[in-house]
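Subject: Structure handover

Hello,

Here is the structure I said I would pass on. My notes on it follow below.

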Amino acid sequence: CARTSWVVGNLGLHAAEDDDPANNPQLNRMHPAMRGRNQRGMRTHVMGGRSAVPSGGRKFVFGRPGESWGRPPSYVGGGLGMDVKGADELARSQSLSFPYSILDDDEEGSANPYRAARWHSFTRSDSYAAQSAEYEHVAASGDVNALALFVADNPYHAEASLQLSAVLFHTNNRESAMDLLKRVLWVYECAAPASFLPGGGRLQKQESNTTRTNGNSSPILMDQGKEENAGFFSALFRLMRTSCMVGCVATSLAVGRYVLSLDPLSDPMGVLLTLDYFALSSMKEENARFLVDLVDSGTVRLHHKEADRKYCGELTDMPNMAFNYALALFRLKGSDANGDEEDSDVAPSLSDRADEALREALRKFPPVLELLLDKNEVNTTGRSFRMDWPAVLAHFRQMTEAASSAKLSASEASNADSLQQRAMATGAGAHALKIFIQRSHKLWSGDDVLRWLYDACAAVVEESKGEDGNEEVQVPASFHPALIRYMRVDPADYEDAFTTLPAD
């Protein structure tokens, strides 16, 4: 990107004492996965009859473990451990992942904070590695009964338990699935140092900060691309999703922020496709501010590499972020957010910023308007003195058609890579649009929001008129190629229900 603004701080959770599960009901009591229940119908291992709960009044990150679980073995004892390396060490070995490997200092001379990042990675003991090799054969067989027996015999193998948990979710056995998910997170929690976990480390509290750090201002990062770390990311994503299913949006937001903080520039789990929804659905002003600060800071950008091409986009190149950023500003316009901006000639008001952000979102993503109105079952056939939806929709349909039929330049049309890149960006954009509509449509159903939306649409139509008063259809730009990184996501993973498989 031509412009880089480094801001280091807390993208994970607000503050350690506020987000420690012992003090935070959203992380401890509200979610079924956070309640200490014993598994049903599963054999359990208790190491020498010891309780899983250590003495000393420890506060747990993902909830109190079951009494019959026992404590997972340490790395020396045949379990998981954690390795920590500096970014400079990884760079020397050429194992620093993209895009962190290409970042430089910004134009104003501020040092790239990721240069001092501490990269964490789970490590497998020889015994755990042997279990993993056996698990691969079980997974390849596709035999659920064999998987259940393997988990019963190896209750601290996180990946196997996570897979069985997925099977139980999809067969509508949610209670056992939650128990397994909780135990998986307990295994990972025991393997990680306190400084790596949310609420256990030393988190800075600046509101504008957007990257979780340790006490030495070194970002705490993890590469999801490593096999040993993939299960941890998947478990957190599943916790984020299931929390929302039972109405614990605050938990989903907290977990989502933590997941994003571990790899904010790659977003391997696609958290940015739904984090805005969690922030606004919580109906808390502080979370709306978080969303605005996240976009305004410019710290988190969309990075993608396709063959030899590297792309970098802004968060507002995502349709969900563009629209919900505007909605967050709209919600904040009545607050005293501009208390230090008394001169309106110097800084625009939140109301003006909200209006402009929404108009810009409508220009970039014209199909969203009709999709939102249809999903919210808004009557768009009638006219009134206040709203004339038919006229507005006609213009936006023309914009959508113009975008889909826009021709490439001669050089692009002759380049097969350009054609493929555009097709992939369009497909990824369709994924993002589908997730945004199915997730966030209710946020745009209020009468005041619809009136504001209509006014912004009318303004876009008005500005398209030439001197003769005739409308000139604007051709929106195609989806940013950085969105291609979201081609891998499945929109079904962002729904509020699991697809149920037959019991057999």
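The model is predicted, and the protein chain has a mean pLDDT of 80, with 75% of its residues at 70 or more. Confidence is lowest in helix α1 (residues 16-19), where the mean is 37, and highest in helix α10 (residues 275-281), where it is 97. Two stretches should be read with that in mind. The pLDDT is below 50 over residues 2-57, a stretch that has 180 contacts in the model beyond near neighbours in sequence. It is also below 50 over residues 201-210, with 34 contacts counted in that way.

Overall make-up

The protein chain has 18 helices and five strands. Of its 504 residues, 52% are buried. Among contacts with a separation of 6 or more, 74% are between residues 24 or more positions apart.

Cores

The largest nonpolar core holds 107 residues. Phe-196, Leu-272, Leu-362, Leu-369, Trp-444 and Leu-453 have the most contacts inside it. Helix α12 (residues 319-332) supplies the largest share of this core, at 10 residues. A second core, separate from that one, has 15 residues, including Phe-150, Val-167, Ala-177 and Met-178.

Leu-369 is a convenient place to look into the 107-residue core. Leaving aside residues up to four places away in sequence, Leu-369 touches Leu-362, Trp-389, Val-392, Leu-393, Phe-396, Leu-453 and Cys-457. Two of these contacts, Leu-362 and Leu-453, are also on the list of residues with the most contacts inside the core.

Helix α13

Leu-362 is also one of the buried residues of α13, along with Leu-350, Ala-354, Ala-357, Leu-358, Ala-361 and Arg-363. An α-helix has 3.6 residues a turn, so residues three or four places apart point the same way. Several of the buried positions in α13 can be read against that spacing, among them Leu-350, Ala-354, Ala-357 and Ala-361. The cover over the buried residues of α13 includes α12, α14, α15 and α18 (447-463). As for its length, the 15 residues of α13 (residues 350-364) should span 21 Å at 1.5 Å a residue, and the end C-alpha atoms are 21 Å apart, so the two values agree.

Strands

Strand β1 (residues 80-86) pairs with β2 in the antiparallel sense, over seven bridges. Strand β3 (residues 220-222) runs parallel to β2 and is joined to β2 by three bridges. His-120 appears in both pairings: in β2, His-120 is the bridge partner of Val-84, and His-120 also stands opposite Met-222 in β3. Is β2 enclosed or open? Five of its seven residues are buried, so β2 is largely enclosed by the rest of the structure.

Backbone points to check

A cis peptide bond, with omega at about 5°, joins Phe-98 and Pro-99. Pro-99 is in the loop between α3 (87-92) and β2 (118-124).

Two residues that are not glycines have a positive phi. For Asn-172 the angle is about 65°. Asn-172 lies in the loop between α6 (158-170) and α7 (174-191), and counts as exposed because its relative accessibility is 51%, against a cut-off of over 50%. For Glu-377 the positive phi is about 55°. Glu-377 sits in the loop between α14 (367-375) and α15 (389-404) and is exposed, with a relative accessible area of 72%.

Cysteines

How many disulfides does the model contain? The count comes to zero. Cys-244 is in no disulfide, and the nearest cysteine sulfur, that of Cys-248, is 9.1 Å away. Since a disulfide needs two cysteine sulfur atoms within 2.5 Å, that separation rules the pair out. Cys-244 counts as buried because its relative accessibility is 7%. Cys-248 is likewise in no disulfide, with the sulfur of Cys-244 as the nearest one. At 3% relative accessibility, Cys-248 counts as buried too.

Regards

Technical notes:
Residues numbered from 1 in each chain as written. Predicted model: local features only at pLDDT ≥ 70, side-chain atom pairs only at ≥ 80, totals over all residues. Heavy atoms only, no water. Core = buried A, V, L, I, M, F, W, Y, C linked by side-chain atoms within 4.5 Å. Buried < 20%, exposed > 50% of the residue type's maximum accessible area, 1.4 Å probe, protein only. Helix = DSSP H or I, 4+ residues; strand = E, 2+ residues; numbered from the N terminus. Contact = heavy atoms within 4.5 Å. Expected span 1.5 Å × (residues − 1). Pairing = 2+ DSSP bridges. pLDDT = per-residue confidence, 0-100.
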